[in-house]
Amino acid sequence: MKRYPNYINGEWVDSPQALVNLNPSDTRDQIGEFAEATPEQVTLAVQAALKAAPEWAQSTPQERFNVLDAAGSEILARKEELGRLLSREEGKTLAEGMGEVARAGQIFKFFAGEALRLAGEHLDSVRPGVEVDIRREPLGVVALITPWNFPIAIPAWKIAPALAFGNAVVFKPAEQAPASAWMLAEILSRCGLPAGAFNMVMGRGSRVGQTLVEQKGISGISFTGSFQIGRRIARMCAERLVRVQLEMGGKNPLVVLDDAPLEQAVEIAVNGAFFSAGERCTASSRIIVTRGIYQRFKQALIERMKKLRVGDALDPETDIGPVIDEAQMNKVLHYIELGRQEGATLAAGGKRLELDKPGYYLEPTLFTETHNGMRINREEIFGPVATLIPVEDYQEALNVANDTEYGLSAGICTAFLEAAHHFRRHVRAGLAMVNLPTAGVDYHVPFGGTKGSSFGTREQGRYAVEFYTTVKTCYTRW
Ligand code: UN1
């Protein structure tokens, strides 16, 4: 089996221990052994980044553009190969895998351009003969910790802006799907960065991630993952006054109003709730439906769900791939059992599937006749499970949509302009979607949420600059 080393100070470095990366569609397929960085190696990576940071901070916009543009071009050119690997290790369908790789390539291209456009401000002082320049400067060394569900796009949307704005990086990908991240690191290793400007240490969050966030000298931590770990990282950052950016869970509502076009609303719900096996923090997990359309919508959704094909992520016929691993499978099954105990009606799915190969296959699952107080409507399940919550009218739908600890994405299906307009203004979420799924976002605009979903400034688009730079105000007397 091929062994994949860490990348530290411009060199590939093996570790005494390694973790095997399995294909969740067929667990007999072992993708490789990925070295688990030792605590000493994590420290070396941070030291290398600290040493390289001043040089990379002084690089020209053209040099940064060249690195990011080259990475973006190679990722896009290898979309099919990398998409296949991504789907093989993560379990999302091949179309989704290739789409995600394309997104990663486009993100690098976007931030290549942003490196050229990084601007400050110039003002006259209130004092005569004095001018003020406001400059954006890199933070220094940033630690980037990413989850398994978008194993190349989320690394891209943290690494690309970090480098574009002149920071040195220590990157820790998720241990459940490190192959896509490793390929990305391999591409970056050939794009002209100085040694140490980009480092990757792999392994478990509880070991390598923990060691990384404890390192001295890090100026910022950007993390995407669970609420529990995010909160723990925030606490450590507060103690040491390290800048932090967190993207965590969601319990995203999709409101369907009486006047919504039925077929379109069903497609939006299926896409948002079940694509990528529901393993998206933007997934529609609470579908809030007004009385006049409830029965018709429920029937149409159940009929549509019957046509969804669960299978090997690499099979072109597959609509829904497996969940990532045994632990996730058990967590989702636990919530399905909980839903039953709470009195929700299990209207579709609910079981683990045994196919012709060993994998983590789950039926897309729908609970109906639920209410928003149930734990299945309050806690993030992160699997192909959605609920229907019947409500009287739009106002109740909005109240239920907002009655959650989370606030990442929220959608509404309606042809009624006034409701769409009101919803956009009053829903408490970082993303508001009208007649679109709650999941599936563009690469050139900000991404993030409110309440328990996110903390710190926005990721992506032009807004990413807020996290990855610090502002210097320069006064000059002429
Ligand atoms: C999307 O819905 O296109 O982990 C992106 C997640 C999010 C990204 C979702 N951070 O699911």
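Start with the lining of the largest pocket in this predicted model. Colour its residues by class and you will find 17 nonpolar, 14 polar and 10 charged. The space they surround comes to about 1000 Å³.

To centre your view, select Phe223, Gly225, Ser226, Phe227 and Ile229, which are the closest to the pocket's centre among the 41 residues that line it.

Next, show the secondary structure around this pocket. Four elements each give two or more residues to the lining: α7 (205–214), β11 (220–224), α8 (227–240) and α11 (326–341). Highlight α8 in its own colour, as this helix gives the most, with six residues.

Now zoom out and colour by domain, with 3–248 + 444–477 as domain 1 and 252–434 as domain 2. Where does the largest pocket lie with respect to these domains? Both domains give residues to its lining, so the pocket lies between them.

Your next stop is the second largest pocket, with a volume of about 400 Å³. Select Ala57, Arg135, Arg136, Glu137 and Pro138 to find its middle: of the 23 lining residues, these are the closest to the centre.

Which elements should you display here, each with at least two residues in the lining? Pick α1 (39–57), α2 (61–77) and β7 (130–138). Give β7 a colour of its own, since this strand supplies the largest share of the lining, five residues.

Finish by colouring this second lining by class too: 12 residues are nonpolar, seven are polar and four are charged.

Key: Residues numbered from 1 in each chain as written. Predicted model: local features only at pLDDT ≥ 70, side-chain atom pairs only at ≥ 80, totals over all residues. Heavy atoms only, no water. 1 Å grid on protein atoms, 1.4 Å probe; cavity = no way out; pocket = protein on both sides within 12 Å on 5 of 7 lines; lining within 4 Å. Points joined across faces, edges and corners; volume = space filled by probe spheres on them. Nonpolar A, V, L, I, M, F, W, Y, C, P; charged D, E, K, R; others polar. Domains from an automatic or database assignment.
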